[in-house]
Amino acid sequence: MAILEVNNVHLSFGGLQVLHDVSFSVNSGEIYAIIGPNGAGKTSILNCLGGFYHQQKGQIDFNGIDISHLTPDRRASLGLARTFQNIALFRGMTVLDNIKLGSHAHLKTGLLDAALYWGRAHREEMELREEIEKDIIDFLEIEHIRKQPVSTLAYGLQKRVELARALAMQPKILLMDEPVAGMNAEETEDMVRFILDIQEERDLTIIIIEHDMRMIMDISDRIMVLNFGQKIAEGNPQEVQQHPEVLKAYLGTDKRGQS
Amino acid sequence: MRIGDFKESYATDEAVFTTSTSRFWLGVLFLILALFPFMVGDYLLYMANITGIAIVAALGLNILTGAAGQISLGHAAFVGIGAYTSAILSNRFGMPFLICLPLAGLASAFFGVLVGAPSMRMKGLYLCITTLAAQVIFEFFFVHWESLTGGIRGLNIAPAKIFGLNIGTEFGFYWVTLTVVIIAATVSRNIFRTRVGRAFIAIRDRDISAELMGINLFRYKLYAFAVSSFLAGIAGCLWVNHLKSITPEHFPLHESIRFLAMIIVGGLGNILGAIYGAIFMTLIPEILQAILKFFEEIFPQAMSFLFPLQTVVFGFLIVVFLVFEPHGLAEMWVRVKSYFRLWPFKH
Ligand SMILES: Nc1ncnc2c1ncn2[C@@H]1O[C@H](COP(=O)(O)OP(=O)(O)O)[C@@H](O)[C@H]1O
Ligand SMILES: [Mg+2]
């Protein structure tokens with residue numbers, strides 16, 4: 001059942017211990033949340049999963065295979081996709097091209113095909129365009145901006161385009177780093193709706209980092225709480241909300257968790 | 001934007017020349033290019049030919065530096081490799097022009113990949129220095145491997161033929177240059193319609209997230225080096241067959257910098273920009289010289305003062321462009337076009 005297993009991961013930069021013996025496993029199809037105060041090491045976990053950071057100790061199994069030593073591009077083609085805390089779109093490109101980039105690993109056009117743009121390359125591009133329009137642009141309601149350079153878009157829309165690009169990677173696991181941070185209520189609502197739809201319709205596993213407690217408690221199947229690089233609690237939303245360590249470390253004394 | 005039939009509409013949307021107006025003007029352009037050689041003399045044909053050759057080289061550098069963001073100071077050396085390869089193949093093995101042309105490209109591409117290999121570990125300025133080293137090393141070989149390159153005296157080659165047709169004249173060569181320019185521009189454009197071109201731009205914009213998108217950085221950087229130096233090699237082959245001689249002096253560092261200036265003035269990463277930039281950088285010095293000649297007749301004694309002024313004015317023009325038109329000639333052209341589209345109704 002577990003699609004992802006993280007075992008005893010240690011990560012440090014110089015003398016700074018960022019992750020200390022972190023283990024967790026994520027079940028196929030669930031929404032798994034990682035919460036914790038700023039600097040707890042949440043983003044670092046995603047970076048280890050994506051292959052951008054390399055843990056000093058510990059192992060990461062994806063579908064039963066150890067991926068700890070694979071390069072980021074290999075992990076991406078296995079089915080790990082990511083949205084970033086600080087938007088990491090290709091700013092000079094249009095929305096459409098950014099999304100097309102997400103499909104990179106699933107396309108076959110080589111250098112020679114590209115230069116000639118005959119037959120296969122042409123067909124592949126046309127199919128790609130159709131697929132993206134149908135499965136992603138329509139779905140995320142971004143038809144009206146598809147030809148715009150992303151740098152001209154409002155913040156909330158940029159985040160949505162980032163999600164679109166991640167979906168184009170046809171991932172098995174979607175890693176989302178603070179997808180609604182900085183969004184207004186309406187944008188947040190849209191994003192939550194998209195996340196739930198994605199999980200439901202696409203048979204996707206989602207790992208999400210977020211500070212918006214109400215949202216996390218609403219959508220997550222299970223939650224892990226991280227503090228100073230250590231896992232201090234794990235469980236479903238009720239369990240986590242009542243966990244004494246969590247109340248102390250993260251939620252303060254506010255039981256409803258509006259910190 | 002949503003038009004009835006899915007397939008039809010997206011195919012139209014993805015086409016390069018989408019409107020009938022743009023197709024009309026493209027037709028007009030081709031007509032002018034086809035009539036041009038019948039209306040002008042050898043001097044203007046010569047100018048057209050060297051401009052065309054510069055365009056092919058600039059299109060190459062535009063892919064590596066403009067699109068993929070890998071700054072190269074060695075582009076002239078790759079043009080040189082193509083030129084020497086072509087000259088040696090035709091002098092020693094009697095190979096015809098049409099065989100020399102792709103082989104010159106492949107030879108340059110081979111060395112381009114070699115020079116690009118360190119890009120796995122290096123980027124930015126460090127990689128730039130590697131390409132500078134390549135420029136210096138290749139120049140050294142051009143000068144000192146005398147048995148192959150003829151040393152500082154260089155090589156001379158016989159006028160080229162295609163299927164027995166003499167293309168050694170400016171008029172004959174014009175058609176060759178024009179054809180190659182059209183093919184090179186089409187290939188450039190094609191690359192940017194596929195995942196390969198998108199990967200180049202992604203690497204330039206954000207190499208870390210490009211890798212997280214599943215792009216193999218090293219492979220695509222090598223692709224960029226390969227395509228870029230292939231086009232440089234093609235330009236080199238044209239060069240030597242046009243001039244019918246080469247010496248190492250034709251491919252110095254400042255020629256590499258001139259190619260960089262072309263794509264910067266034109267607009268980095270923009271195919272039309274590379275073309276405009278190559279035209280600008282080739283024609284402006286020539287025009288300045290013509291103006292100077294005119295003044296020489298009126299004030300013969302002022303020449304010693306006016307002559308260096310030519311370089312100063314040229315440099316000044318480039319700076320003016322970079323300050324007032326940072327996205328290059330291509331962007332300026334877009335604005336001029338939209339101005340004229342609205343012009344009669346503006347007020
Ligand atoms: N590349 C890095 N080099 C040094 N320290 C880092 C690096 N990345 C993260 N850290 C440190 O690791 C800690 C956790 O960071 P991060 O994972 O971004 O936290 P979070 O996402 O939970 O806010 C912070 O103290 C941060 O400064
Ligand atoms: Mg973070």
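**Cavities and a surface patch**

Me: Which residues line the largest cavity here?
Reply: In this predicted model, the lining of the largest cavity is made by Gly50(A), Pro72(A), Arg75(A), Ala76(A), Leu80(A), Ala81(A), Arg82(A), Leu175(A) and Leu212(B).

Me: And which elements give two or more residues to that lining?
Reply: Those elements are α2 (72–78) and β6 (80–83), both of chain A.

Me: What volume does the largest cavity have, and how do its lining residues divide by class?
Reply: The volume of the largest cavity is about 60 Å³, and the residues of its lining comprise 6 nonpolar, 1 polar and 2 charged.

Me: How many cavities of 30 Å³ or more are there?
Reply: There are 4 cavities of 30 Å³ or more in the structure, and the second largest has a volume of about 40 Å³.

Me: What lines that second largest cavity?
Reply: Its lining consists of Val6(A), Val9(A), Leu19(A), Val22(A), Phe24(A), Ile45(A), Cys48(A), Leu49(A) and Ile60(A), with β1 (2–13), β2 (16–27) and α1 (42–50) of chain A each giving at least two residues. By class, this lining has 9 nonpolar residues, with no polar and no charged ones.

Me: Switching to the surface, which residues make the nonpolar patch on chain B?
Reply: Ile287(B), Ile291(B), Phe294(B), Phe295(B), Ile298(B) and Phe299(B) make a nonpolar surface patch of about 560 Å².

Me: Where does Ile291(B) lie, and why can it count towards a patch?
Reply: Ile291(B) lies in helix α13 (residues 271–298) of chain B. Patches are made of residues with over 30% relative accessible area, and Ile291(B) can count because its relative accessible area is 41%, which makes it partly exposed.

Note on methods
Residues are numbered from 1 along each chain as its sequence is written. Chains are lettered from A and ligands numbered from 1 in the order in which they are written. This is a predicted model: local features need pLDDT of at least 70, side-chain atom pairs count only at pLDDT 80 or more; totals for chains, interfaces and linings use all residues. Side-chain values use heavy atoms; hydrogens and water are left out. On a 1 Å grid over the protein atoms alone, a cavity is a set of points where a 1.4 Å probe fits but cannot get out, and a pocket is an open set with protein on both sides within 12 Å along at least five of seven lines; lining residues have an atom within 4 Å of a point. Grid points are joined across faces, edges and corners, and a volume is the space filled by probe spheres set on the points. Helices (H or I, at least four residues) and strands (E, at least two) are DSSP runs, numbered from the N terminus. Ala, Val, Leu, Ile, Met, Phe, Trp, Tyr, Cys and Pro count as nonpolar, Asp, Glu, Lys and Arg as charged, and the others, Gly among them, as polar. Patches are made of residues with over 30% relative accessible area and no salt bridge: like charges are joined within 9 Å, nonpolar side chains (Val, Leu, Ile, Met, Phe, Trp, Tyr) within 5 Å. Accessible areas come from the Shrake-Rupley method with a 1.4 Å probe; for residues, only the protein chains shown count as cover. A salt bridge is a side-chain nitrogen of Lys or Arg within 4 Å of a carboxyl oxygen of Asp or Glu. Buried means under 20% relative accessible area, exposed over 50%, partly exposed in between (1.4 Å probe, protein chains only).
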